[in-house]
Amino acid sequence: MDVEEFRKRGKEMIDFVANYLDNIEDLKVFPQIEPGYLHKMIPTDAPKNPEDWNSIMNDVNNIIMPGITHWRHPHFYAYFPTVNSNTSLCGDILSGGIGCVGFSWETSPACTELEVMMMDWLAKMLKLPNEFLSESGIGGGVIYNSCGEATLVALFAARNKTIDEKCKENPKENQFIVMSKLVGYYSDQAHSTVERAGLLSMIKMRPVKSIKRKMRDSVLEEMIQEDIANGCYPFYCVATLGTTGSCAFDNLEEIGPICKKYNIWLHVDAAYAGSAMICPEYRHLLNGIEFAMSFVFNPHKWMLVNLDCCAVWFKDSRFVVDAFAVFPPYLGNQHENKYPDFRHWGIQFSRRFRSLKIWFVLRLYGVKGIQKYIRNHIELGHLFERLISRDDRFEIVEEVTMGLVCFRLKGKNENTNNLYKRIEADGRIYMITSVFCDTDIVYLRFIVCYQFATEDHIKFAYDTIIHITNEMNLCLGA
Ligand code: PLP
């Protein structure tokens, strides 16, 4: 595709996406297909000869689009938002078009320098302690693909820090002995990527039993003391601000001092809720962040930046660089300067110019625009809570803190499961279920996701749920 054709096809593609978004409300949120549908429609081998653009676009319409779960649909209320914005997409197109690979400063100075600046902008919006800013000299932020990656990288950094300290304290112990004694902690409400970080690193990670969905200091400290008594080395703890299951918040002012007392690296995962902390009225949820060594949230969840864009900060980046830096000869001489070579800051070596889309979003919306959008989602979450609370067939099963409402039909789990199946089959709105493992209670997770959500959308979702519940009761003869 030469530049002239790209000009033409690129514009057509923008029109295709714009038309899709214009008409998205007419589509069912969840695709009405069977597993394996696509397999039957696509040849088993790549084409030998070039095909033409129009036949590809035909197949996009006939094969791809019918199998899409529409995350940008006004009635998508599942998972957490992955709120895209067209502004961000424009930044992303530019990033793809420039096509630079930002693994070191010289591979594209603007890529590294804008990333440093954007991470500082975000850190200031969140009022993170100065130690997390680049101006501190050793702290700073970086963009990753995902929160899961951040949890793993922070674990590696904490592991290396502890190995170093323990080997110095006791020269008889080498890194393998120390590694075998390391123990990390996370709330039993934390995201599965935390447990997976333990599996990937082959380091013992212990779930801390939550009380009212929060990790409590007394339970954590008891486990730490038990592990120390058994000759283990507590070294890492993940606190969650806004758990996936119910958007519960661990209290950093409670967990932080315990981590400090036992020299444990505190990593804070605020994947979804972190964005809300740019609003002064929610900033208190970050109190105690000064105890953390690393902090992560996903602008690609709730800050209008499209996937992938995960913002991570380290108080002392040297621990990460120590864990990751290798200097192959084929990279030639590196320029010495004060900017980081981000390939040393994480798992990814080649990296996209992701800060561009943050820059576009922050400038086009301004902090006020983003605050307004977040507040709207939280208000609409509370509206849905009020509507559901009016109907005494339902119960709200967890305090509503942000845009997530956890609710269920009273009585047996079967009722809620049946309702879920009917909602899914109906296709007008889309939610998912979850279970509180301690009580085995099944509930529905309703979360405001749509960028332009209004009261009418929420009332439509509520009416749909009530309509389907009424039908279900009729069938059951209730
Ligand atoms: N942490 C929390 C609290 C989450 O809710 C999620 C996903 O919803 C994740 C981590 C995983 O995020 P990612 O997909 O960026 O790894």
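Reader: How many nonpolar, polar and charged residues make up the shell around the ligand?

Author: The model is a predicted one. In it, the shell around the ligand has five nonpolar, eight polar and one charged residues. In all, 14 residues surround the ligand, and the closest are S146, G148, H191, T244 and A271.

Reader: Of these closest residues, S146, G148, H191, T244 and A271, which count as polar and which as nonpolar?

Author: Ala is on the nonpolar list, so A271 counts as nonpolar. Ser, Gly, His and Thr are on neither the nonpolar nor the charged list, so S146, G148, H191 and T244 count as polar.

Reader: Why are α4 and α12 called oblique to each other?

Author: Helix α4 (residues 109–125) packs against α12 at an angle of about 40°, with the axes 9 Å apart. Roughly parallel would need an angle under 35 degrees, and roughly perpendicular begins at 65. The angle fits neither range, and α4 and α12 are therefore oblique. Their crossing is left-handed.

Reader: What makes the contact between α4 and α12, and what is its make-up by class?

Author: From α4 come L114, E115, M118, W121 and M125, and from α12 come S355, L356, I358, W359, L362 and V367. These divide into nine nonpolar, one polar and one charged. Glu counts as charged, so the charged residue is E115; Ser is on neither list, so the polar one is S355.

Reader: Which way does α3 pass α12, and which residues of α3 make the contact?

Author: The crossing is right-handed. The axes of α3 (residues 86–98) and α12 come within 8 Å and cross at roughly 145°. The α3 side of the contact is T87, S88, C90, G91, D92, L94 and S95. Taken with the α12 side, the contact holds seven nonpolar, four polar and two charged residues.

Reader: How do you know that β8 and β10 are edge strands?

Author: Each of them pairs on one side only. The open sheet has four strands in the order β8-β9-β11-β10, with antiparallel pairing.

Reader: What makes β9 and β11 a pair, and which residue is the bridge partner of V405?

Author: Pairing takes at least two bridges, and β9 and β11 are joined by four, so they count as paired. The bridge partner of V405 is F446 in β11. β10 is joined to β11 by five bridges, again antiparallel, and the two form a hairpin with four residues between them.

Reader: At what angle does α12 run to β9, and what is that called?

Author: Helix α12 (residues 355–390) lies across β8, β9 and β11 and runs at about 15° to β9. That is under 35 degrees, so the two directions count as roughly parallel. Helix α13 (residues 413–426) also packs on this sheet, touching β9, β10 and β11.

Reader: What is the angle of α4 to β1, and what is it called?

Author: β1 belongs to an open sheet of seven strands with mixed pairing, ordered β1-β7-β6-β5-β4-β2-β3. α4 lies across β1 and β7 and runs at about 110° to β1. This falls within 65 to 115, so the directions count as roughly perpendicular. The direction of helix α5 (residues 147–169) makes about 155° with that of β4. That is over 145, so α5 and β4 count as roughly antiparallel.

How values were computed: Residues are numbered from 1 along each chain as its sequence is written. This is a predicted model: local features need pLDDT of at least 70, side-chain atom pairs count only at pLDDT 80 or more; totals for chains, interfaces and linings use all residues. A residue is near a molecule or strand if its C-beta atom, placed from the backbone, lies within 6 Å of it. Two residues are in contact if their C-beta atoms, placed from the backbone, lie within 7 Å. Axes are lines fitted to C-alpha atoms, for helices over the stretch in contact, and angles run from 0 to 180 degrees between N-to-C directions. A crossing is left-handed if the near helix is turned anticlockwise from the far one by less than a right angle, and right-handed if clockwise.
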